[in-house]
Amino acid sequence: MARIDWTTKLKEMRRLLAAAPVVLAAFGVAMAASSTPRPEIDRRAEAVRALTGGDLSARGFAAITGRMDPSQLAIALRHDPGERRAALYGLTPGWESLTLAGRPTLDFGATGLDAMKLNAATPDASQFLRVAAPFVFKPATAEDRRRALRCLTQGIYYEAALEPTEGQEAVAQVILNRVRDPNYANSICGVVFEGAERTTGCQFSFTCDGALAQAPVGWAWNRAKLVAERALAGHVSARVGTATHYHADYVRPWWAPTLNKLTQIGAHIFYRWKGVYGEPAAFRRPYTGREPLIDEARFSRPRIQIALAADAALLAQAEAALAGDLTLRTVEIDGQTRVVGVASLGGRRQASAAEIAAINQRMAAFEAPTTPAPDEPMRTAPPGVTPMAVEEVGRPTS
């Protein structure tokens, strides 16, 4: 049996014990390196790369900002050295003085041609176009579903019956965008009939100019209803994105310069809020699912003419221009030619010179500053109320 050389073994054990601290130190460093959290800047860079696909052009940055909430975007813009903004959140300088108590007077003549030229000369801010998310339509009951569909169909029909299908889809998109915008009601009927209970301030003029007294034309109503059903099923009008405002191209509302003009479809020009309020992240308020019961008989009585007419003569002239055209006209809708009685059909169309003159006179009367009586205090907007657009003050097809 071989003898064990204990002297040699002891020497080897001493060498291993002497080297142990070095081995353990190296092992500890490796373990620490593997458990140390990655730097925050690395994680951010990886998230940016995943969002943009490595594209750091304007398109890539739009993908990043589109996921920010309003507060995050405001902070980002505040620290962006490349941003040059004329006023807070990109609003037109002087926007804070554009209140319901003091609107500027806009006079574009009797034909509306000057307004059309100014609208055409205003550049599109297409770089601010952001596609809206599909509308999540979850009504609480079957009755709420019926009311929502009817109100949205009314908005499309009375505002855009003679517009191309794309134009009708854009109007529907504006209504649904407003439902998700904290500045408006969070129900579809609430948005469509907002302000209709007042003599001024209705958001869609058909709700307070007597248009509802006219029975809808069957084929045009069914067409508008199909558009409404698609919108409630999640269809998105990509051309208008997060637009919340629009007007006919032959008028120039006082609020137009305070918003970003996106595009024109048919006779309508569409706008979105400037700054963070027009970004998709700002449209996060959930749909309530409950729809108010609308008293259509009450809202079928015209009220806007009385509020906007400067005197009895102007009122008579406006009513005559708005109701006097009973002729048949030929129009082309989505490539199909139709003969319609324009006075009995809702929807925007090219107005006659007399109709445009009446509309512009009514707008001038509405927007002109009024002087209160000596014993009457000046009326101002209630606290917290911001100016919101009457989509058009007066419409030729009432």
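Helices here are DSSP runs of H or I with at least four residues, numbered from the N terminus. Helix H2, in this predicted model, is a handy one to begin with. H2 covers residues 40–52, and at 1.5 Å a residue its 13 residues should span 18 Å. The C-alpha atoms at its ends are indeed 18 Å apart, which agrees. Right after H2 comes Gly53, a residue with a positive phi, near 65°.

Next, the cysteines. A search of the whole structure turns up 2 disulfides. For anyone new to the term, a disulfide is a covalent bond between the sulfur atoms of two cysteines. One of them joins Cys151 to Cys189, with 2.0 Å between the sulfur atoms. The torsion about the S-S bond of Cys151 and Cys189 comes out at about 100°, so this disulfide is right-handed. Cys151 sits in helix H6 (residues 142–160) and Cys189 in helix H8 (residues 188–192), so the bond ties together parts that are 38 residues apart in sequence. Are these two cysteines buried or exposed? Buried means under 20% relative accessible area. Cys151 has 4% and is therefore buried, and Cys189, at 1%, counts as buried too.

The other disulfide links Cys202 and Cys208, again with sulfur atoms 2.0 Å apart. Here as well the cysteines are tucked away: Cys202 is buried at 1% relative accessibility, and Cys208 is buried at 0%. With the bonded cysteines of the protein numbered in sequence order, the pairing reads 1-2, 3-4.

From there, on to the nonpolar core. In soluble globular proteins, nonpolar side chains tend to be buried together. In this model, the largest nonpolar core has 54 residues. Which residues have the most contacts inside it? They are Phe135, Leu152, Ile175, Ile188, Phe193, Leu232 and Phe270. The elements that give two or more residues to this core are the helices H6, H7 (165–180), H8 and H9 (218–232), together with strands E2 (260–265) and E3 (268–272). H6 gives the most, with 8 residues. Leu232 makes a good example of how things fit together: leaving aside neighbours within four places in sequence, it is in contact with Phe135, Phe137, Leu149, Leu152, Leu176 and Ile188.

That leaves the strands. In general, strands of a sheet pair through backbone hydrogen bonds, either parallel or antiparallel. Here 3 strands make up an open sheet in the order E1-E3-E2, and the pairing is antiparallel. E1 (245–248) and E2 stand at the edges with a single partner strand each, so one side of each is left without a neighbour in the sheet. From one strand to the next, the twist averages 25°.

How many bridges join E1 to E3? There are 4, with the two strands running antiparallel. Ala248 has His268 as its bridge partner in E3. On the other pairing, 5 bridges join E2 to E3, and these strands also run antiparallel. Thr263 is bridged to Phe270 of E3, while Ile265 has His268 as its bridge partner in that strand. E2 and E3 form a hairpin with 2 residues between them, and Gly266 in the turn has a positive phi of about 65°.

And what covers these strands? E2 is mostly covered, with 5 of its 6 residues buried. In E3, 5 of the 5 residues are buried, so this strand is largely enclosed by the rest of the structure. Both faces of E3 are covered: His268, Phe270 and Arg272 are buried on one side, and Ile269 and Tyr271 are buried on the other. Phe270 turns up again among the core residues with the most contacts. Helix H7, for its part, lies across E1, E2 and E3 and runs at about 30° to E3.

Conventions. Residues are numbered from 1 along each chain as its sequence is written. This is a predicted model: local features need pLDDT of at least 70, side-chain atom pairs count only at pLDDT 80 or more; totals for chains, interfaces and linings use all residues. Side-chain values use heavy atoms; hydrogens and water are left out. A disulfide is a pair of cysteine sulfur atoms within 2.5 Å. Buried means under 20% relative accessible area, exposed over 50%, partly exposed in between (1.4 Å probe, protein chains only). The expected span of a helix is 1.5 Å times one less than its number of residues. A nonpolar core is a set of buried Ala, Val, Leu, Ile, Met, Phe, Trp, Tyr and Cys residues joined through side-chain atoms within 4.5 Å. Contact means heavy atoms within 4.5 Å. Two strands pair if DSSP finds at least two bridges between them. Axes are lines fitted to C-alpha atoms, for helices over the stretch in contact, and angles run from 0 to 180 degrees between N-to-C directions.
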